[in-house]
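Q: I have a structure open here and would like to talk it through before going back to the bench. Could you take my questions as they come?

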Amino acid sequence: MTRFAGLVIAVLGCVGSSRPLLICHNANCAEGNTVEADDTLGALRASLALRTPGGEVVFDGMELDSVWDRGLGRCTFAHAPGPGAPDFAQAVALVAAHVAASAPDHAAHTSAHPALYLKIELKTDVGGGAPHTPDEVAAHVACVTAAARAVITAGVASHNVVVPIFDSDDPALPAAIDPGAFLDSSGRECLFETGWGTALPAGFTAQIRTLDWYDDPEAIDWGQGTRGQDATSGGSPRGLLIWARNPSLADLDAMLVHDPAYVGVNNIEEARGLLDAP
Amino acid sequence: MCPWVLAAVACLAVVAPAHADPSWRAGLDVHGTDAAYGGRRPLGVAAGLRCGATEGGVVVDPLVFALGWEMLDVTAGRWFADDRIELLAGWRQLSGRFGTGRRYDEAVLLGADWVVPLSRRFRLGFGLEFQTSIWRHGGDISSDTIAVFPVTTDLPERMSLLLHARFELTGIL
């Protein structure tokens, strides 16, 4: 029945109330991206340089993965702990430089929500699959908090709003972040994100819930819980984030039927072209 | 009866004599089993010409004017098992509105159809399609070509397994 309803929606062309915001998945959305280039400085530079044929920034948001590497005793820009990963601050410096060099309200794609969404994922593994100790949680949180503040500061100088999104498979990690530290004069604050169906710690609210498109979207009961674009949080959309590495055009269009607030993909130019089609 | 004998009988059925007369078929094609592709061509028009055991077919997309998406198939196949099963290969082009132009997704199709004759002129068919996206192009952005080596997690995302059903009219040429 759900499939039939989806078909009817597609036939009628009702593909959502507004456009989702596009997040560059794992800072790797330039032409010819491969999974091996995820969370690398080279891919991040190339992604930040992406422009539409009209000269606009392609993405609404950039995702940076952060790791607290127990073996190295530092915060790295990587998908998993490992030697050779750059400091997280190096990746953040590239994003801050992009924001600082952007014209006012043009650090991200022009949209109904003119802001750059800086999505920082806090990876749960500190090495060997081990979870964070309380001290490591504090260190990881301090690292990503400083990172978000650095980009926000760059945005203040260039008149670009930067909204941090803190995401993790373990909601206890973003739950350790103080949202009040990011509250600005317009009432906009940071957003928290975790997986669809993940149980939340008491007192913690995740405005964004994540769904992997290839985790059998047909099995999701779209009528339950967080669905699509629920509302806004201080001017920022809240609701569903659907991600996939390089979905086909058909998959991209099918994602839109579910009215996500955010879409995170690597083939972001294709997603942008699809969204911008008349 | 020994299982090996049953297997041999089944093999003999597979190499049954080919249909002699050239024929045609035309009807409706329904995809409805996949979130992504079922909604792109919910109702197609299928047609084919057959000579001996070999058949060429197309499925066109009359809803392109309503949905903006177009999914076209061109296939060649061979009938087996007393004209009940067709194994086929072909090409699928899917395209949609993109920016100020159009983006195309070219894919290879491999599949099998199983038909149930309803009468001398009508038949019902069920098909399985394995689709692999090879090349995406158009829309004033870079082309995107499948990378087979090295195998990465991106490769399975280019593949889809789809089902279809067809209701067709058939006739002798």
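Q: Is the crossing of α6(A) and α7(A) right-handed or left-handed?
A: Bearing in mind that this is a predicted model, the crossing of α6(A) and α7(A) is right-handed.

Q: And at what angle do those two helices of chain A pack?
A: Helix α6, residues 249-257 of chain A, packs against helix α7, residues 268-275 of chain A, at an angle of about 55 degrees, and their axes are 10 Å apart. Because of that angle, α6(A) counts as oblique to α7(A), since it falls neither under 35 degrees nor between 65 and 115.

Q: Which residues meet there?
A: From α6(A) come L249(A), L252(A) and D253(A), and they meet E270(A), A271(A) and L274(A) of α7(A). Sorted by class, the contact of α6(A) with α7(A) has four nonpolar and two charged residues, with no polar ones.

Q: Which elements of chain A give two or more residues to the side that touches chain B?
A: On that side, 31 residues of chain A are in contact with 27 residues of chain B. The elements of chain A that give two or more residues to it are α1 (2-12), α6 and α7. By class, that side of chain A has 15 nonpolar, seven polar and nine charged residues.

Q: Changing topic, what does chain A look like overall, in helices and strands?
A: Its secondary structure comes to seven helices and 10 strands, and buried residues make up 52% of the 278 residues in chain A. Of the contacts in chain A between residues at least 6 apart in sequence, 65% join residues at least 24 apart.

Q: How many residues are in the largest nonpolar core, and which helix gives the most to it?
A: The largest nonpolar core has 90 residues, and those with the most contacts inside it include F59(A), L118(A) and V151(A). Helix α4 of chain A, residues 134-158, gives the most to this core, with nine residues.

Q: What is V151(A) in contact with, leaving aside its neighbours within four places in sequence?
A: Apart from those neighbours, V151(A) is in contact with V92(A), V95(A), A96(A), V99(A), L118(A) and V162(A).

Q: One last thing, over in chain B: is P156(B) buried or exposed?
A: P156(B) is exposed, because 12 other C-beta atoms lie within 10 Å, and 12 or fewer is the cut-off for that label. The place of P156(B) is in the loop between β8 (144-145) and β9 (159-172) of chain B. P156(B) and T132(B) are 24 residues apart in sequence, and their C-alpha atoms are 8.7 Å apart in space.

Conventions. Residues numbered from 1 in each chain as written. Chains lettered and ligands numbered in written order. Predicted model: local features only at pLDDT ≥ 70, side-chain atom pairs only at ≥ 80, totals over all residues. Core = buried A, V, L, I, M, F, W, Y, C linked by C-beta atoms within 7 Å. Buried ≥ 20, exposed ≤ 12 C-beta atoms within 10 Å, placed from the backbone. Helix = DSSP H or I, 4+ residues; strand = E, 2+ residues; numbered from the N terminus. Contact = placed C-beta atoms within 7 Å. Axes fitted to C-alpha atoms, helices over the stretch in contact; angles between N-to-C directions. Parallel < 35°, antiparallel > 145°, perpendicular 65-115°, else oblique. Left-handed = near helix turned anticlockwise from the far one by under 90°. Nonpolar A, V, L, I, M, F, W, Y, C, P; charged D, E, K, R; others polar.
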